Amino acid sequence: MSFGKQIMKIYIEELSLQNYRNFKELRLIFNNNIVIILGDNGSGKTNILESISLLSPGRGIRGAKNEDISKNQTENWQSRIYLQSKIGKAQIEHKFTKSTNSKTIEYNGSKLSSLELTNLANIIWLTPQMDGVFLSPAADRRRFLDRIVYNFYDQHASNLNKYTHLTSERLKILGGSRDESWLKILEEKIADFAAKIVTMRVKAVGFLQDEILKLDSAFPKAKLSINSLFKTSEEEDNFAASYVMHLAKNRQKDAITKRTNFGITQQELIVTHLEKNQLAKFCSTGEQKALLISILLGQIEANKSIAKTSPILLLDELFVHLDDRRKNSLAEYIINSKLQTFITATDISGLDKIAQVGQIIEI
């Protein structure tokens, strides 16, 4: 599980926060290995992980709005991260101004879009809120799936963004004076992006599955799949043409409901406990958490073998509800993997092995 020479190590050297959540000013310097963040509940441990998770497209581990991050509703917040990235040393700044409700991201002083962050680093996280992902709406499992895909395909976030924009434009035309020729062009473009998105999802899941099956750990092996959009293999084989046909057939329905009723938003990640041949949603709470960790380990190994880079791990209170056997197994994996891993906990209990080699920061 240790790094080969061909794998590039990505890690954060320093983090500075201003008016971020409960922090007026905070500056932390990290080693490039394990970082244990200790503190009472409400001290801001998860806030630190959240600020790091913003190195990934989207709203981070909490899905928070920018204005909700400001300390005591202050006018501005800012984070600055010094990073050894995929393309060298990087200073990443997030700046939010409440009066204009605008956030900018800068890479070494130049503006960067959120979608371009995957060019610099891959961030993988597990939080207590994710424990219910197998029981929550399908949209949550789809978002979980797409975050996995970001690790392997830098363009995936951009493709999703373009797909969303095109479907929005199509709905506007359906709700107004319909231009049939423009609708046809839009639907063909939508189908093209849908094909790219689905292909990347399927390939990424394949990467994970291969690595999960190879792993020797205390965690159950997860069997992963994605539901098909089509009812027949013939439609599947002619993806773009079938997609366009379904969009055209649904025009009236979409116009009435003001939503796209057929498409990639119907896909989700389906997880099965391999040994039991039981869907994750029917497994016990402990088994569901163990399956999530199995997927986490698969992501890490696939990232190293396919993307040839090391992800940064954010583990929020992950060790709390694990039995001793699984705690030890996960601790050994993290230590041997040599990844930069941020772990939060209220105390050091259960983290003895990791604490021997990790940097400890008390908040």
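**Close-up views of strand 1 and its sheet**

**View 1. E14 and its bridge partners.** I29 in strand 2 is the bridge partner of E14. The model shown here and in the other views is predicted. In strand 4, the residue opposite E14 is Y82.

**View 2. Helix 1 on the sheet.** Helix 1, residues 45–53, packs on the sheet and touches strand 1, strand 2 and strand 4. The direction of helix 1 makes about 110° with that of strand 1. Of the 10 residues in strand 1 (residues 11–20), 8 are buried, so by the cut-off of under 20% relative accessible area this strand is mostly covered.

**View 3. The hairpin of strand 1 and strand 2.** Strand 2 (residues 23–29) runs antiparallel to strand 1, and 6 bridges join the two. Within this pair, L26 in strand 2 stands opposite L17. The hairpin has 2 residues between its strands. R21, in the turn, has a positive phi of about 55°.

**View 4. Strand 1 beside strand 4.** Strand 4 comprises residues 76–85 and pairs with strand 1 in the antiparallel sense. The pairing extends over 7 bridges.

**View 5. The open sheet and its edges.** The sheet is open and consists of 6 strands in the order 2-1-4-5-6-7, with antiparallel pairing. Strand 2 and strand 7 (110–112) each have a single partner strand and stand at the edges, so one side of each lacks a neighbour in the sheet. From one strand to the next, the twist averages 20°.

Notes:
Residues numbered from 1 in each chain as written. Predicted model: local features only at pLDDT ≥ 70, side-chain atom pairs only at ≥ 80, totals over all residues. Heavy atoms only, no water. Buried < 20%, exposed > 50% of the residue type's maximum accessible area, 1.4 Å probe, protein only. Helix = DSSP H or I, 4+ residues; strand = E, 2+ residues; numbered from the N terminus. Pairing = 2+ DSSP bridges. Axes fitted to C-alpha atoms, helices over the stretch in contact; angles between N-to-C directions. Contact = heavy atoms within 4.5 Å.
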